[in-house]
Amino acid sequence: MAVGGIAVGDLVAQHGTPSFIIDETHFRSRARLFVNSFTEAFGAVGTDVDVYYAGKSFLSVAVAKWALEEGLRLDTCTGGEMAVAERAGVSGAAMGLHGNNKSEAELTRAIRYGVGRIVADSLGEIEQIAELALAEGRGESNPVPVMVRVTTGIHAGGHEFISTAREDQKFGLSLAGGQALEALELVLKFPQLHLLGAHAHIGSQIQDSTAFELNARKMLELRAELEKSAGYVMPELDLGGGYGIAYVPEDQPIDIPALAVTLANTMKQVADELGTTIPRISIEPGRSIVGPTTVTLYTVGTIKNVTTDEGIVRTYVSVDGGMSDNIRPALYGAVYTARLANRDGDEQAVLARIVGKHCESGDIVINDVALPADVRRGDVIAVAATGAYGRSMASNYNNILKPPVIAVKDGESRVIVRRETEDDLLALDLG
Ligand SMILES: *Cc1c(COP(=O)(O)O)cnc(C)c1O
């Protein structure tokens, strides 16, 4: 197997395992796919689109620069993410900040840096942003751009979605009961704030376009409602991220160009029904850009055959990472696929379970996967589609050292996040 034109054996010899290998060309082409597809589809119905890369899925200085170079902006939700973005040279105007519990320091930092949209998540936060904006000398002539996070009752993931009237979650302000409208009207009361629009993010790993369409409809209705109640037409709507990718062969990834056309046409139709225009649109894909671009390489250690209660022989293949570099299987039962990556294996396969090296029996990378029957210590296993919420959710459990991220392109590799060292770990421990 080769990634970015480099044989896995060479990557392992040079960088060791476990390692995240990210294909720069692939990342750039997926980023461009979003920009081009949405710009074209929404251009055809008369509006513009901004694509924000959701930094939480995986953020480093190099990746932020790639996203920027491909015409994207950057979505952040903490001071730490803003710090990486600032170091990458992302301007405030090209940055967004969301989150349900931003600190005063984070909000002030965003206002000072000129972040192009602060997504307010509660009535109290709108007042807080208004206060901080005044303290930073902002007023009617240079207001702070604000969006309001709305929960539309649509929640989706996989092939399923639910539509509820009541909301029982920590994010945003609910349409039901008029909370969202109240929040939008509150923003309008402060001359030092500029109401850019409403924002809704409905879930993750969504594989069906229906939920996106329903959500867009509700957002347009909310915009029309505010126009009626306050005479204000919001210039923008942010539809969030959540576009699904294929982790295993059974997954149907969202067809991005097709979704863009469907969504644009639906919004045009709803806007016509409501007798209004389509606002400027923004979207925030994370997983769908970076997820498929990365594989994790592990080295195989202990191999054990275990006979299950059902009499099945299962081969436990232990690798040199696990839940510290990929918590998703333990956290949400996420599924992945993998293959032997350093050589051709036996044609005959065994039913394997790939497990990590942590002191938890739930430390499973892949529950069931077919591997060549001759898989052995020292082999290299590649797990696919680990670019999103892998390295970004990594921990130091068992004082393990977080893996590096290696960018590959045109037969060359480059470390963009280096491997942690024991000195890094001990530097935090003041004894
Ligand atoms: C997580 C998140 C995203 C990105 O979600 P993906 O599933 O990675 O596309 C976008 N916007 C907001 C507000 C989020 O919380």
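Q: Into which domains is the protein divided?
A: Keep in mind that this is a predicted model. One of the two domains is built from two stretches of the chain, 2-13 and 292-427, and that one is domain 1. The other is a single stretch, so the split reads, by domain assignment, as domain 1 (2-13 + 292-427) and domain 2 (44-285).

Q: How many residues does the contact take from domain 1 and from domain 2?
A: Start with the spacing: the centres of domain 1 and domain 2, taken over C-alpha atoms, are 34 Å apart. The two domains still touch, with 16 residues from domain 1 and 11 residues from domain 2.

Q: Which residues come nearest to the ligand?
A: There are 15 residues around the ligand. By class, that shell splits into 3 nonpolar, 7 polar and 5 charged residues. The ones that come nearest are Lys 56, Ser 204, Glu 284, Arg 287 and Tyr 389.

Q: Which residue has a side-chain N or O atom 2.5 Å from a nitrogen atom of the ligand?
A: Ser 204 isn't the one, as its side chain has an N or O atom 2.3 Å from an oxygen atom of the ligand. Arg 287 is out too: there a backbone N or O atom lies 2.8 Å from a ligand oxygen. That leaves the side chain of Glu 284.

Q: What share of the ligand's accessible area does the protein cover?
A: The ligand takes up the space of the largest pocket. On its own, the ligand has 390 Å² of accessible area, and the protein covers 96%.

Terms used: Residues are numbered from 1 along each chain as its sequence is written. This is a predicted model: local features need pLDDT of at least 70, side-chain atom pairs count only at pLDDT 80 or more; totals for chains, interfaces and linings use all residues. Side-chain values use heavy atoms; hydrogens and water are left out. A residue is near a molecule or strand if one of its heavy atoms lies within 4 Å of it. A polar contact is a pair of N or O atoms within 3.5 Å; within protein, one must be able to donate a hydrogen and the other to accept it, and residues adjacent in sequence count only if both atoms are side-chain atoms. Accessible areas come from the Shrake-Rupley method with a 1.4 Å probe; for residues, only the protein chains shown count as cover. On a 1 Å grid over the protein atoms alone, a cavity is a set of points where a 1.4 Å probe fits but cannot get out, and a pocket is an open set with protein on both sides within 12 Å along at least five of seven lines; lining residues have an atom within 4 Å of a point. A molecule sits in a cavity or pocket if more than half of its atoms lie within 2 Å of its grid points. Ala, Val, Leu, Ile, Met, Phe, Trp, Tyr, Cys and Pro count as nonpolar, Asp, Glu, Lys and Arg as charged, and the others, Gly among them, as polar. Contact means heavy atoms within 4.5 Å.
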